[in-house]
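Reader: I've got a model open on my screen and I'd like to learn how to read it. Could you walk me through it, one feature at a time?

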Amino acid sequence: MSAFATFRRPALHVFPLALLGLLATSCNDDSDSDPDAPDTITFTQSALYPEGVQYDAANNRFLVGSQTRGTIGQVKDDGTYSVFAEDAQLVSTIGMRVDDARNRVLVAVSDPGYNTARTTDATKRKLAAVAIFNRDNGQRIAYVNLGALRPNAAGHFANDIAVDGQGNAYVTDSFAPIIYKIDAQGTPSVFLENTQLGAPAGSFGLNGIVYHPDGYLLVAKSDEGALFKVPLNNPASFTKVTTSVNLKGADGLLLYDNTTLQAVANAQSTVYRLTSSDNWTSTTSTGTFTTPAVYPTTLARRGSDTYVLYSHLNALQANQQPPVSEFTIQEVDF
């Protein structure tokens, strides 16, 4: 089956001049949106099972990972899929971050055991790494083994990545209560380690992470349905954000603006829009977007639009046969 995409089709109407003026005024708030961007992009790759997604505006494409192949793919608006980067050390590619300022793509690398060609006893549920690629040509710049910082931990799973204004990367570990830091020179360290951030064996703990320009991180914890605020200058003083909703199954996060956070709760098939008026001491839900039972995972921003990835990881976990072949990047409409 060939890939396809569904596009917005502008309606053709004739309006009185006064009404046109009102419409022009009402559209100013959405001036950063792309009128030619599709609402839905469907691409075909049998058993790909992507988890991470980012939009690369400079090259007009989405980038997606794969739990089963370890590749990084690129998806065009017409649904065309091709490989952007492939490397022997990529077992499963999870969260990713396009760092426009430094022309690079950072990718969390883990081994949940789904890539039968590359998983090993030494890496299964024990791998936490970040691979960094040139954003334009896909050449690997660096590979950073984070799990080596805590070799005696019961397990490791590098999940998501945030990048601050100085080029430091912060990486969550879902199987260990750790947030790592990779500085702009590529040197890794343990940024925060605390048992409060851990999860029961077999459960995912820390997950999505974003950098807030006021100098802190917002981090999701899947098993608890919680959100944490972690100051960069004193990570040990992290606090739990008071929320009006249970974010059980929280996965990808997107900081839309300084007071608005979007969060995927894949266990609920829901994307939440959260807002804060007190510098993320607390937050309330101001909108939801419900997806089908397609295991939504992560979010990508394209102009003023947000897209969510339908990963179908529930089918992979259930060993559904035949495997899923079509995957979707869907615009979120709160």
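Author: Sure, let's start with the largest pocket: 24 residues line it, and Gln54, Arg97, Val98, Asp100 and Val163 lie nearest its centre. Before going on, note that this is a predicted model, where local features need pLDDT of at least 70, side-chain atom pairs count only at pLDDT 80 or more, and totals for chains, interfaces and linings use all residues. Residues are numbered from 1 along each chain as its sequence is written, and side-chain values use heavy atoms, with hydrogens and water left out.

Reader: What counts as a pocket or a cavity?

Author: Rolling a probe the size of a water molecule over the atoms shows where empty space is left. On a 1 Å grid over the protein atoms alone, a cavity is a set of points where a 1.4 Å probe fits but cannot get out; a pocket is an open set with protein on both sides within 12 Å along at least five of seven lines, and lining residues have an atom within 4 Å of a point. Points are joined across faces, edges and corners, and the volume is the space filled by probe spheres set on them. Here, the largest pocket has a volume of about 670 Å³.

Reader: Which strand gives the most to the lining of the largest pocket?

Author: Strand 25, with 4 residues. Strands are DSSP runs (E, at least two residues), numbered from the N terminus. Strand 3 (53-56), strand 7 (92-99), strand 12 (156-163), strand 16 (206-212), strand 21 (250-257) and strand 25 (296-302) each supply at least two lining residues. By class, the pocket lining has 13 nonpolar, 3 polar and 8 charged residues; Ala, Val, Leu, Ile, Met, Phe, Trp, Tyr, Cys and Pro count as nonpolar, Asp, Glu, Lys and Arg as charged, and the others, Gly among them, as polar.

Reader: And how many cavities of 30 Å³ or more are there?

Author: The search finds 1, with about 70 Å³ of space in it. Its lining includes Gln54 and Arg97, and strand 7 gives the largest share, 3 residues. That lining divides into 4 nonpolar, 5 polar and 2 charged residues.

Reader: How do I read a sheet?

Author: Strands of a sheet pair through backbone hydrogen bonds, either parallel or antiparallel. Two strands count as paired if DSSP finds at least two bridges between them. Take the open sheet of 4 strands in the order 16-17-18-19, with antiparallel pairing; its edge strands, 16 and 19 (239-240), each pair on one side only. Strand 16 and strand 17 (residues 216-221) share 5 bridges, including His212 with Tyr216 and Tyr211 with Leu217. These two strands form a hairpin with 3 residues between them, and Gly215 in the turn has a positive phi of about 100 degrees.

Reader: Is strand 16 mostly covered or mostly open?

Author: Mostly covered: 6 of its 7 residues are buried, meaning under 20% relative accessible area with a 1.4 Å probe, protein chains only.

Reader: What about aromatic rings?

Author: Rings of Phe, Tyr and Trp (its six-membered ring) pair if their centres lie within 6.5 Å; planes under 30 degrees apart are stacked, over 60 edge-to-face, and the rest tilted. There are 10 pairs in the whole structure. One of them, Phe43 with Phe327, is tilted, at 6.1 Å centre to centre and 35 degrees between the planes. Phe43 lies in strand 2 (residues 40-44) and Phe327 in strand 27 (residues 326-331), so the pair ties together parts 284 residues apart in sequence. Both are buried, and with Tyr49 and Tyr81 they form one aromatic cluster.

Terms used: Buried < 20%, exposed > 50% of the residue type's maximum accessible area, 1.4 Å probe, protein only.
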